[in-house]
Amino acid sequence: MLIVPGQSSREMAFSLSKAMGLETVEVEFRKFPDGESYLRVLGDLRGRDVILVNGLHPPQDEHIIQLALLADSIRGLEAGKITAVIPYMAYARQDRRFLSGEPVSALTILRMLASAGVDRIITVNIHSPWVIEKSPIPIENLDATGLLAAYLIQAGYEKPLVLSPGKKGGAMAEEAAAVMETSHDVILSRRDPVTGEVVVETKADVKGLDVAIVDDVISTGTTMVKSVQLVKKMGARRVAVLCVHGLFLGNAAERIFEAGADLLFATDTVPNRYVVGSVAGLIASRL
Ligand code: R5P
């Protein structure tokens, strides 16, 4: 097995190479003067299974194209099976046509990757696990919630009440709470599909408690800002914010601290300033 590092996840590729004792293949990357990506995989891949590592965090469109081009290059070199390690899967929120005339972006991208030659995908906390059963490529979706919870214990939050927003919130909160041997509840969040406005509420009693709010992704930060403001207003003591994928668009992180968060942790699925731990070990264990 060989590792091909994509431009977006070079560090992750080298961490996997180290963890698994696998060789990495050199890839030449350039930009054409008009902005298009040029790449060339420099190695003898014939008959070798390949782990292609390329996260799809911003700039997503560029990273998606590069992933498809890399898969096609590898296929052209007559490699064996291609496993794409995609620590952050882009467009995974658009898993259905919310409004008439919209695409099902998540599936469109998966079909594109399938036709480029990807045989299997390993990803982490995909936003819409519902796309997995419809995907033309088998997807293994790893859960990094436990990893975040373990770091929170090290940071001195022993038994916080764990809350989580979003549709998958219940499961994430439950997983984090199990690791921390504490209790959990949900934050109900609704986003207006047209205006993007987010409304949050919870029935949890947070008064005087340390609270950990865990989410799969922080993008604009709106959901987390509203969630932190909500629990602070309800009398929470310390508030720790944990996410797997820290996109932190604009000043999202600053706004989360201004809302009252005491601590902000993310994994390295997306390179960011708040990384506390790597998902490389988790991914390596499945390869
Ligand atoms: C919602 O279902 C998710 O769990 C996240 O809460 C949401 O996608 C975060 O987006 P933003 O940071 O833009 O509010």
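Trainee: Which element gives the largest share of the shell around the ligand?
Mentor: E11 does, with 4 residues. Keep in mind that this is a predicted model. E11 is a strand spanning 211-218, and helix H6 (222-233) joins E11 in giving at least two residues to the shell.

Trainee: Which residues of the shell come nearest to the ligand?
Mentor: Look for Arg191, Asp215, Thr220, Gly221 and Thr223; the shell has 13 residues, and these five come nearest. Sorted by character, the shell holds 7 polar, 4 charged and 2 nonpolar residues.

Trainee: And how do I read the polar contacts? At what distance from an oxygen atom of the ligand does a polar side-chain atom of Thr220 lie?
Mentor: The cut-off to hold in mind is 3.5 Å between N or O atoms. For Thr220, a polar side-chain atom is 2.5 Å from a ligand oxygen. Asp216 also has a polar side-chain atom facing an oxygen of the ligand, this time at 3.0 Å. Then there's Arg93, with a side-chain N or O atom 3.3 Å from a ligand oxygen.

Trainee: How much of the ligand's exposed area does the protein bury?
Mentor: On its own the ligand exposes 380 Å², and the protein buries 90% of that area.

Trainee: Let's talk about empty space. What does rolling a probe over the atoms show?
Mentor: A probe the size of a water molecule, rolled over the atoms, shows where empty space is left. Here, the space the ligand takes is the largest pocket.

Trainee: How much space lies in the largest pocket?
Mentor: About 990 Å³. The lining of this pocket counts 42 residues, with Arg93, Phe98, His127, Lys167 and Arg191 closest to the centre. Strands E8 (161-165), E9 (184-191) and E11 each give two or more residues to the lining, as do helices H5 (169-180) and H6.

Trainee: Which element gives the most to that lining?
Mentor: E9, which supplies 6 residues. The lining as a whole is a mix: 16 polar, 15 nonpolar and 11 charged residues.

Trainee: What about cavities? How many of 30 Å³ or more are there?
Mentor: Just 1 reaches that size. The volume of the largest cavity is about 40 Å³. Its lining runs through Met89, Ala90, Tyr91, Ala92, Ala106, Ile109, Leu110, Ile126 and Val131. These 9 residues are nonpolar, with no polar and no charged ones in the lining.

Trainee: Now the backbone. Is the peptide bond from Pro58 to Pro59 cis or trans?
Mentor: Omega is the angle to check, and near 0 degrees it goes with cis, as in the bond from Pro58 to Pro59. To find Pro59, go to the loop that links strand E4 (50-53) and helix H2 (60-76).

Trainee: One more angle, then. Is the phi of Glu78 positive or negative?
Mentor: Positive, at about 60 degrees, even though Glu78 is not a glycine. You'll find Glu78 in a loop too, the one between H2 and strand E5 (82-86).

Methods:
Residues numbered from 1 in each chain as written. Predicted model: local features only at pLDDT ≥ 70, side-chain atom pairs only at ≥ 80, totals over all residues. Heavy atoms only, no water. Near = heavy atom within 4 Å. Polar contact = N/O pair within 3.5 Å; in protein donor to acceptor, adjacent residues only side chain to side chain. Areas by Shrake-Rupley, 256 points an atom, 1.4 Å probe, with all protein chains shown as cover. 1 Å grid on protein atoms, 1.4 Å probe; cavity = no way out; pocket = protein on both sides within 12 Å on 5 of 7 lines; lining within 4 Å. Sits in = over half its atoms within 2 Å of the grid points. Nonpolar A, V, L, I, M, F, W, Y, C, P; charged D, E, K, R; others polar. Points joined across faces, edges and corners; volume = space filled by probe spheres on them.
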